[in-house]
Every structure is written in C-alpha cells, then in structure tokens.
Protein chains: 2
Amino acid sequence: MKSKRSARLIDMTRYLMENPHTLVPLTFFAERYGSAKSSISEDLTIVRQTFRDRGIGLLETIPGAAGGSKFIPYILKEEAEQFVGEIKQALNDQSRLLPGGYIYMADLLSRPYILRQIGRIIATQYLNHDIDAVMTVATKGIPIAQSIANLLNVPFVIARHDSRITDGSTISVNYVSGSNRRIEKMVLSKRSLPEESNVLIVDDFLRGGGSAAGLSDLVKEFNCNVVGISFFAEGVYNGERKISADQYTSIFKINTESDKISVSEGNYDNKVYGYLDNKEN
Amino acid sequence: MKSKRSARLIDMTRYLMENPHTLVPLTFFAERYGSAKSSISEDLTIVRQTFRDRGIGLLETIPGAAGGSKFIPYILKEEAEQFVGEIKQALNDQSRLLPGGYIYMADLLSRPYILRQIGRIIATQYLNHDIDAVMTVATKGIPIAQSIANLLNVPFVIARHDSRITDGSTISVNYVSGSNRRIEKMVLSKRSLPEESNVLIVDDFLRGGGSAAGLSDLVKEFNCNVVGISFFAEGVYNGERKISADQYTSIFKINTESDKISVSEGNYDNKVYGYLDNKEN
C-alpha cells in the first residue's frame, strides 16, 4: 500500500516516538510506505524540523549504507523550568508534611504527565551517553526508572532489600544507610544485568546517599559502570553524604527543618543544561 | 507562528499520543498553530484515518461548542496475537524455571516495548470504560500498572504489604493468601485514592487470587469500584481461587507442573476481543 505524505508523517512520528534511541534505516520506512527513499528523506527533514521547532527532540541522521534516523528525546530548558516551577508549587503544600520531617509525594510520582517530564529532564542530561540500563531500588524509584527507560529505550532493573523466590540467583551487597547508620542489604537478580553495561542509577529521594552508594557497589559487583545518579529530590543533610555533590543530579531540594516545607530547585539546571550553555553560547 | 499542515500533523500526533483519553478542544490546536478551525478539522480527519489504518487507536470526535478530539489507544487483534506469540516463545525457555515451580520473567517485564504492548492489550479491553486509577500491589505489578496508566492517562496507586513513613495515614485490610493460606496485610495511603473512583486492578501473576481479592477489598474500603482485574500471566491452581474466572483477564497461562515450563494463552482473546467479535461480525 502506497502512503501519502500526510499519512507517512503521522505514522513516522508515532513510530519514532515509540522507538527512541533506535536507528531506523531509510529502507525500513521506504518499505513500510511503499515510497521512494528520496521521498522518505524529505519526510524526515520535515519531521526533524518540527521536532526541533517544538522542542520534542533531536532527529539524528546517520548517513551511508548502514545509516538511518535516530530520535533522541529531550526537553528544552524553558519547558523544564516551567514544569519545575509547577511541581515546586505543588510540593510546597504544607499538608504534605509528615511526622519526622518526611514529605508525602506519592500522588505526584504516580501521574503519567509528571513522570514523563521528569524522565525527559533526566534523559536530556544523558543525550550523548551510551546507557544500557536504568537501575533503582524498590519501590519508590521504580516509576521514575521506568519513565527514563522508556525514553532511552533500555530495560530497567530493580534491586530489592529482600530477595524473592522469583529473582532466581542473586548478588547482594551490604551498605551503611547514610541517615541512620544501620547496615542494610541490597540484592539484584544475577541475570538482570549483563556484564559491562553502562548503568544510570535513579531514585526518588536523596538523604544520606546510602542507597545510592549501595546501588553503585552493586553495579560494580556486576562488572558494570555507573554513568550517573539522578534523584527526583534531595533533602537537607547535615553530615557527609555517601556520594559526593558532583556525582548526582537532583531536580528539587526539599527542606523540612523547623517543621515547614520549603522547596527550591536542585542542581539539575547546571547538571543538565550547564554543559549545553558552555558549549553553545 | 502559523504552521504548515505537515508540521501540524507531526506535532498533533505527538500531542495526542502524549495526552490519550483527554478531550482536546479544536480551539486549542487552532491557537497552537495559528490556523483556522476548518484547517484543524481537516488535519484531524487525516490523523483519524491514519490512526485507524495503522491500528494505533481511535480518534473520537465530540461535536459542539464543548467538543473536540480524544485519542483512545488500542491494539488490533492481529498485532496482539503476534506479540503474544513472541512472548509465549520467550517464556517457554526452560532456563526460566526456578525452584518450587516459579518462573523468572523480570527481564521481560522491564523492557519498554513489552510493557507498552501489555498495556495496549489491557487498555483495549477498557476502551469504553471510565477508569480513574490503576491499582497494584508492590512491587512486580508496578511496571504493568504504570504502562496502562500511561495509556489511560490516569494515576496509578501502589498498595504495599508494609506501610512506610512516607505513606502518611493508611487504610489496611487483611486477606488470606490463596496459595499458602497465611493471613497477610495490605496497606494503601489514605490520600492516594479519592472516593468513588473507578479502579482497574493489575498484577503480574495470578496464583490463588489472594492478593487480587485483598486489593478488591481495599478498593471497597476506599468507597471505590473495581472495574476489572488484569494479569500478565496466571498459573495453574489446584483449588478454588479467591476470585472467580469471569472476574479477571490474563494474557498468558503458565504451567510449571512436572518441572517443565509450558506456556499457553490466557483468556485475553475472549475478554478483550470477544465483545468486539460479537458486536462487529
């Protein structure tokens, strides 16, 4: 069936969005639509231009016989700032304060729109990195890990504090919880992560950094590499964290000292866009 | 900025895909692209046609002043069958067998493509239902819940076996685990589910149905309604399940008796497409 340009553009957009970070050969689209490669090439130029104009992402072109197009989603600084502003306001609601200075945010981290925008911000930082897997520890980091994994089109792996029968053989590490100095354990199914994978670690909240350090150790036990560590939010921590400030990215910084929630931006602006600022301006 | 049709079609496709089950007024697109409503109307006709031709979903048109377009994603029976066939083969790998007749499938339930297709199949069954939230119990059901929630554009809520400080106040139920007859507990944060919500329950695996029955009780404790219960897979269960056969949908049926994995299709074909078959043929 030969397709018209309008139908091709719609289906291509859908296909590229569902298959980000994947090299799609020109011939794939040419066969899919029964069209000449030259027409497909023109289509892709229009898609590329629109994705750029609308801040959707980069449509990279790899020339040559083994070439094709690769959609790399990102979020522009302005859209990220607007989103962060919205969520900052939502987090600043004093009714979120829980005993012990904790903050209720499960409602936010379960909404598809919010998870997608968080994913886009974190994915933007790793635009040019090879990432093979996203890793988190059960349970609150899972939705964030899944959202990023979707945009990077890689699997996500879930470490646990207790191993389950359904994990099969596991590898475990012990780590010192940063906030209460207890020895904790973390396990990951042996077959969930191939050797030499490049791993992005994510979690919902950074306190003392014990979990993040534990996850990093676990990555090393699998002979894999940590590409980065990203958090939805970080708290205020008095003492030395188990991971250093240059190692992680946080979107929000939440202070609940003196029994009042006060939310500001984390270091994401510099971590995600600082490099671009230095390079492009 | 006035947009050309080709750019409008690309951006519209992206916008509709990111905002499924949402009524988008004609005026929203007209303003976004600086175009006449009549042009937008023509664009939407092309999008609707392509979405249908490619089996992407339904673009519903609601006429009148308060009207607009609503994208309802689905998966056609043929594409679902092909996907189910692929995964059946992957599950039938004997190296997945774990002690006690359990089966390793975490690698499959962590890949974006697989989770999206599972979500599309389950979402297709509830095309015409009002669903306000997707609910699961931590942790293995979470990725499936998130995938469906994405397509239905509703929040997902996560019950737990142990409550955490960050849940705030919780409501709990006790239930009898179907498979080992132990009394278990399940808790859900009080503010995570508004009264009278219509809830779709999902989980990765159905054995005795204890968890699903517990989740149903929890839904009722919140004065909400259970719209349906869906599983990635069901096992073979000798005895009476806590939920009846007409209450649930399963995509796969996995038999590990006699220490061998044997995978067949669950009841999804009839549950998801039976209604359409009766109606349309």
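**Domain, symmetry, cores and a pocket in a predicted two-chain model**

Over residues 108–263 of chain A, the chain is 24% helix and 34% strand, with the end C-alpha atoms 15 Å apart. This stretch is where UniProt, in an unreviewed entry, places the feature "domain: Phosphoribosyltransferase". The model discussed here is a predicted one.

The relation between the copies is a good place to continue. A turn of 180 degrees, with a shift of 0.0 Å along the axis, lays chain A on chain B with an RMSD of 0.0 Å. That is the relation of a two-fold axis. In chain A, the C-alpha nearest this axis belongs to Ile10(A), at 2.8 Å from it. Of the interface residues of chain A, 100% are also interface residues in chain B, so the copies meet through the same surface.

Turning to the interior, the largest nonpolar core holds 84 residues, and the members touching the most others are Leu91(A), Phe232(A), Leu91(B) and Phe232(B). Leaving aside residues up to four places away in sequence, Leu91(A) touches Arg96(A), Ile103(A), Met105(A), Leu108(A), Phe232(A), Phe252(A), Ile254(A), Ile261(A) and Val263(A). Another core, of 34 residues, lies apart from the largest one and includes Tyr15(A), Ala30(A), Tyr15(B) and Val47(B).

For readers interested in pockets, the second largest has a volume of about 720 Å³. Its lining consists of 29 residues, with Arg164(A), Lys140(B), His161(B), Arg207(B) and Ser211(B) nearest the centre. In chain B, strand E9 (198–206) and helix H7 (210–221) each supply at least two residues of this lining. E9(B) gives the most, with four residues.

Note on methods: Residues numbered from 1 in each chain as written. Chains lettered and ligands numbered in written order. Predicted model: local features only at pLDDT ≥ 70, side-chain atom pairs only at ≥ 80, totals over all residues. Heavy atoms only, no water. UniProt positions renumbered as here; feature names shortened; annotations may be inferred. Least-squares fit on C-alpha atoms with pLDDT ≥ 70 in both. Contact = heavy atoms within 4.5 Å. Core = buried A, V, L, I, M, F, W, Y, C linked by side-chain atoms within 4.5 Å. Buried < 20%, exposed > 50% of the residue type's maximum accessible area, 1.4 Å probe, protein only. 1 Å grid on protein atoms, 1.4 Å probe; cavity = no way out; pocket = protein on both sides within 12 Å on 5 of 7 lines; lining within 4 Å. Points joined across faces, edges and corners; volume = space filled by probe spheres on them.
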